[in-house]
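This briefing introduces the salt bridges of one protein chain to a reader new to the structure. Please consult the sequence and the model shown below while reading.

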Amino acid sequence: MLQALSYLIPAQSSCELREQAVANFRSLRQQMPLLYATVLVNLVGLHVATGGEELVLISPVSFLTAVLAWRMIVWLFFQRDCDDLDVIAAQLVKMVVLTVLVCVGFSIWTQVLISKHPGETMSILLFSILAALGAAYGLSSFPRAAILPLAILGLPMATRLMFMKDATSTGIGISLLLVLLLLMRLLHTHSRALSALVTGRLAIAKEHNRAISAEVAALKRADEDALTGLANRAKLFREMQRNMMQGPTSGGGSVVAISDLDGFKAANDAFGHAAGDAILEAFALRLLGAFGDNAIVARTGGDEFAIFWRNGLAKQDIAKIGRTICDLASTPIEWEGKSLNIGASCGLAEAGPISSSVSEFVRQADSALYRAKASGRGVWRLYDQEMHALDKRRAGLEKMLLDRKAQMEMTVHFQPIICLASNTVVSSEALARWNSDELGVIPPSEFISVAEQLGIIEELNEALLRKAVNAVRPWPPELRLSFNLSAIQISLEGAAARMLDLLEEDGFSPGSIQFEVTETAFLADMAKAKRELQKLREAGCIIALDDFGAGHASVSYLRDLVFDVVKLDGSLTTNIQYCERSRRILLGLIELCHASGAKCVAEHVETEEQLALIRAMGCDFAQGYHLGRPESGMTILAMNPGRTALSSTEAKILNPIAMLPISKI
């Protein structure tokens, strides 16, 4: 059936065939009753014109008339529109077969009538051609089928007329033949145009569908993380904008949890990006399985994930969820036969009156995450009023640092460093002090880290260096200034040149300054920090390694780098008067410093007993509250103990120790 239908309807694809067949069948249903009526009227007229001799109850003409009348009734009252291609194909094939049979019968009968009634040839011709034209019009929805009445009924009639003896009949036959050929040509053209129209309409529909599919896919990509399939940051924020509910008190509203993976970078670096992707996908599936039914789970970038509960959570549930998120990451992830071990830290926030916007709401969760990570691995924290107060203080701190108010309020104090051989002050460390009008006393450990994160540590340090240089101008040449460099600052290209230019502008000799740097400077960028320090050393500055013994790889620096002075971390001095093991470690480090060609400074000397012990161990210099607290530059200038002998207290302490071998101290 479908193969026969494809002959009637030229189409390039099954989709086009169906579309054209359905449309043509609906049009045909309106035309077929008129077609049968036209043929029936012309059949009756044909016999009326010939005297009606063949109009008897039982004859081929009566049978043909009954068939035409029945098909007209079927199409008029019983045929319905249909979208089923198989049903349409069956109906159309039946229609074509009946058309062929009726046309063949009609054509044979007209030829018989012309032979019996040659005087009525023109009347027979008229009714035959009208029947053929009516049938062709009725089938015009199917141009290939419409050609059949013209070919089967019209062409034989034209051919017979052409071969009749009188010139008039011959001329009419030739004219009729040309008209029939013209109509058949028009039907063929109409068939091609109709096929092209349907093809074009389908192409437009296909392109429209493709555009819709592309738009849907683009919207999906815009809302979905490509790797994990979770919602992305844009979708999360859009959902939070629409659905965030603020609670009436300190919390009580919507809840957001932000988590990032501990140890992800190490695993990614060790095993490659494929392993990193496997970790992210596995953790995403775990989060989705745990919270996807009642919360939006999103990957917001890198190894950071977020979960948003629109309707909030009970207090006990928040604690449970915080633990669950951390636990989900603690189970090893299996990848290519390896167990990848990671962890997760988590910060949570409840929307309340202080959550003035979505960005503030998320910032609070980020702040809680920051404090969780500072507390260790696999820790979660809930943002509370205490964190809010700390954040408010930090915001004020950042504002003052950025608008340069901090630089005006900061002062520089100096803590003396004593030469243990001569009991004289040989240098003094510059220490920044900030007593803010708004926030009170702010320790260096707080404002220096904030300045580093804001990217203004170099500017701040240079301002403090200028203040220190101006404060120590009255000092004698032998009293050296010791100044701390930020790890970030010394890792910047051109840092040494800028500091040397500053010293030159202020007329301060590089040989009168000692720059202290911690091992974190080398952890940040070993090669760059080494180059910058070497430039300072070549200019005459003294270079000191600060807090030696507090890090994890300090010994390698003594081997690979050149330092003039090594400052031993204060934790090494804390309990040497009580612990023999501590004394042995400190003694070993002093000898290590001397072996590297550097002099050493013991920090945090708090008691006379500690001072006596480090002196006995051969340490070169000492610094601490017992020897002098941070003071102004003029106070340091006045400090010069000038002692060359042991104090009575030191003598009492060292008398029993001096009798022991150095290995016993």
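**Salt bridges in the predicted model**

E360, R363, R371 and D391 are joined in a network of salt bridges. A salt bridge here is a side-chain nitrogen of Lys or Arg within 4 Å of a carboxyl oxygen of Asp or Glu; by this rule, the count is 25 salt bridges. The model is predicted, with local features requiring pLDDT of at least 70 and side-chain atom pairs counting only at pLDDT 80 or more, while totals for chains, interfaces and linings use all residues. Residues are numbered from 1 along each chain as its sequence is written, and side-chain values use heavy atoms, leaving out hydrogens and water.

**A buried pair**

- D225 forms a salt bridge with R299, with the closest N and O atoms 3.2 Å apart.
- This pair links distant parts of the chain, 74 residues apart: D225 is in the loop between α7 (167-223) and α8 (233-243), and R299 is in strand β2 (residues 296-301).
- Helices (H or I, at least four residues) and strands (E, at least two) are DSSP runs, numbered from the N terminus.
- Both D225 and R299 are buried (under 20% relative accessible area, against over 50% for exposed and in between for partly exposed, with a 1.4 Å probe and protein chains only).

**Pairs with an exposed Glu**

- E438 and K405 meet through their side chains in a salt bridge of 2.9 Å, N to O.
- E438 lies in the loop between β9 (424-436) and β10 (440-442) and K405 in helix α14 (residues 405-409), so this salt bridge ties together parts 33 residues apart in sequence.
- E438 counts as exposed because its relative accessibility is 54%, whereas K405, at 23%, counts as partly exposed.
- E505 and R466 also meet in a side-chain salt bridge (2.9 Å, N to O).
- E505 in helix α18 (residues 495-505) is thereby linked with R466 in helix α16 (residues 457-471), 39 residues apart.
- E505 counts as exposed at 57% relative accessibility, and R466 is partly exposed, with a relative accessible area of 32%.
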